[in-house]
Amino acid sequence: MKKLSLFTSGLALCIATSAFANDDLIKQMNDPAQWAIQTGDYENQRYSDLDQINKDNVDDLQVAWTFSTGVLRGHEGSPLVVGDTMYVHTPFPNIVYALDLADEGKIKWRYEPKQDPDVIPVMCCDTVNRGVAYADGKIFLHQADTKVVALDSDTGEVLWEAINGDPSKGETNTATVLPVKDKVIVGISGGEFGVRGHVTAYNMETGEQEWRAYSMGPDSDILMDPENTTHLGKPVGPDSGINTWEGDQWMIGGGTTWGWYAVDMEENLVYYGTGNPSTWNPAQRPGDNRWSMTIMARDIDTGMAKWVYQMTPHDEWDYDGVNEMILTDQEIDGEMRKLLTHFDRNGLGYTLDRVSGELLVAEKFDPVVNWTTGVDMDPESDTYGRPAVVAEYSTEYNGEDVNSTGICPAALGSKDQQPAAYSPRTETFYVPTNHVCMDYEPFRVAYTAGQPYVGATLAMYPAPDSHGGMGNFIAWDNIKGEIKWSIPEQFSVWSGALATAGDVVFYGTLEGYLKAIDANTGDELYKFKTPSGIIGNVMTYERDGKQYVAVLSGVGGWAGIGLAAGLTNPNDGLGAVGGYAALSDYTALGGQLTVFALPD
Amino acid sequence: MMPTASRTLLSAAACALLPVMGLAQSWSDQPVDPAKHEGEFDAAYDDDGIYYNAEDIVTYNVQDDGTVDWPTFSGFRRYHAECHVCHGPDGEGSTYAPKIKNSAVHMGYYDFYDVVVNGRKNGNSVMPHFGDNPNVMCYLNDIYVYLAARGMDAVPRGRPSKKEPKSDLVREMEDACMG
């Protein structure tokens, strides 16, 4: 804990010397009374120093006020609080409300972009949006149709707009953006439409494009230096974004970038992950398909990659690598290390040295994960860093038109985008997870621009021979690579967690509960059923000496597709149909913010 | 050549000229009472594994032991690649898209075909057009018979466990269509 605050002040010092536009954002993020960025801070820890609500009094929590967003689709992300204003966003049509907290939440301004509804069906898996970002008196919204808009945070006036992609080719957006230094860093969605993923930096003042780094393609596109960009300590070499692809497949290669972004200002690096290679039929894209499924560390100013690590070479299961990168400073074998911890869709929890990209830990964070026996951790080995794939669960090995059964996890991963939290007080990660397995049958598909490019059929069901539920909320030790404890949940936990200095951890459930648990033991301390299922992330702020906890309800997203009518296990045979819980029996559509506080 | 394929294409061309009538959103979530559609989907004859009703419209065929015709199985596969990310597993709907298994029965072949080819909009509820997507168009009859079978409760949820083999005609048509 002490070490952490030392580091934080070191960081503040370092920043103070460079006069960048986002000095303002860093100042706002460092004030625990606010929630100035979706991820809580640049480290993506989702940890708050607020402790008025603590493990001893959280059972007194009450609803303080609520706000309806007026939209009825999946609500991911969370509000921001900066100064006197709370900024609330919605799924498509991506309305932004500025609520005046000094005037009982009165709507100061609202912004509703005009978007062609044709973008809706091009979005795989609902029209979610993971929220707005703030910096330097501006609110940044990345719309579904890939338009990036900078709004005046006081008035909602449009300051600039930039077009990041082309929805007619299947390029859309679901993610938030990352304001850092004088830039806004932006990703893209569309891996199921054969989009070639990229990350783009726009100038924060003007909206002009400064750099763009593709996930695959020539070195000049992927911004990698054959000599100086490293993969597990070795230079990536020339043409690394092409030479593990057959023919021109890389041009529609996927590797989209719709997850969360982290920053280490001292190293001047931005961290993010890339998604699945297209198509889902591995036979149509021989090779490792670099750099899909990769953790990227790029220079903030130039976009040049410093190091990369491909977690799932030649994906055969849709295990996107986009989940958040959580940055911590912890002691390993008596030495302080700058770490990056990542819970991948593929079911492995990775711990890396975030300066060098050295792989330190790769262990399963759900014991049912079966597609791999583990990652080769021997630096001398030819297969160093690669997961050993179990033939029975290899959709590549089994081939096209063969149904591979009993693969764990399912395509939605042991964990999807729902972000984990980290408490420096307990040195523990709190991870919302899925506990779902699948059958997966790949087959040949043709590519048409702007049309789905999938090429596999799959059936998902709760992990067999387990507790019967489809989720867990786990506590993870990233140094040992071990689960400390695990809370079984009936449905996937699709809500981002929040850890606080009150030693309370909060998360939402698909039935609609906001839950508070003890950060040390996992004991449930409080729950409240909100109007709709929760796929949003829990946040906290303080106003006039009072701590508030807030979360968006509004069921939807991937979870609202697979679980709405309930899952069935085709391997259970006839009669088992309907044996699993249907989300539609527990909740209905909604779009509401619920804000909690202790009684006066 | 391929009489069946060209007949289908002709029908599609004809139906594209028809006005889209009465496609109220509420149809979609209305349950199907199979008794009210008795006989509509009965197979009258088959052409090398592709089944047709008395009105020459493609249909499913489920044998007593649960064996399904190849197109129904193929429809299951293609549906779960192209359609289920909105319409949910087994045509059961999602939080934002209707139970399309019921739509297939209520709308009938021609309206169903038209909406898949051309798409439609109802405010922020949007069905995309798939007319230029071979992964859908080359298997649209399959997807239709699969969903009709689901809507009529003729096949249970999940992957059909037994199926007829892929016939030469089906193979020929698939190759010609997918290129």
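Two strands pair if DSSP finds at least two bridges between them, and strands (E, at least two residues) and helices (H or I, at least four) are DSSP runs, numbered from the N terminus. These exercises concern a predicted model, where local features need pLDDT of at least 70, side-chain atom pairs count only at pLDDT 80 or more, and totals for chains, interfaces and linings use all residues. Residues are numbered from 1 along each chain as its sequence is written, while chains are lettered from A and ligands numbered from 1 in the order in which they are written.

**Exercise 1.** Find how strands β4 and β5 of chain A pair, and place them in their sheet.

*Solution.* Start with the pair: β4 (residues 85-89) and β5 (residues 96-100) of chain A run antiparallel, joined over five bridges. Next, look across from A:His89, where A:Val96 of β5(A) stands opposite. Then widen the view to an open, antiparallel sheet of four strands in chain A, ordered β3-β4-β5-β6. In this sheet β3 (80-82) and β6 (106-111) of chain A have a single partner strand each, so one side of each lacks a neighbour. Finally, the twist from one strand to the next averages 25°.

**Exercise 2.** Describe how helices α2 and α6 of chain B pack.

*Solution.* First take the angle: α2 (residues 70-82) and α6 (residues 140-151) of chain B pack at about 95°, and their axes are 7 Å apart. Axes here are lines fitted to C-alpha atoms, for helices over the stretch in contact, and angles run from 0 to 180 degrees between N-to-C directions. That makes α2(B) roughly perpendicular to α6(B) (the term covers 65 to 115 degrees). Now list who meets whom, counting a contact if C-beta atoms, placed from the backbone, lie within 7 Å. Among them, B:Phe76 and B:Tyr79 belong to the α2(B) side, and B:Ile143 and B:Tyr146 to the α6(B) side.

**Exercise 3.** Decide whether α2(B) is mostly covered or mostly open.

*Solution.* Use this rule: a residue is buried if 20 or more other C-beta atoms lie within 10 Å of its own, exposed if 12 or fewer, and partly exposed in between. By that rule 13 of the 13 residues of α2(B) are buried, and the helix is mostly covered.

**Exercise 4.** Work out the surroundings of A:Ile332.

*Solution.* Locate A:Ile332 in strand β21 (residues 325-332) of chain A. A:Ile332 has 14 other C-beta atoms within 10 Å, so A:Ile332 is partly exposed. Apart from neighbours within four places in sequence, A:Ile332 contacts A:Arg337, A:Leu360 and A:Ile479.

Technical notes. Parallel < 35°, antiparallel > 145°, perpendicular 65-115°, else oblique. Contact = placed C-beta atoms within 7 Å.
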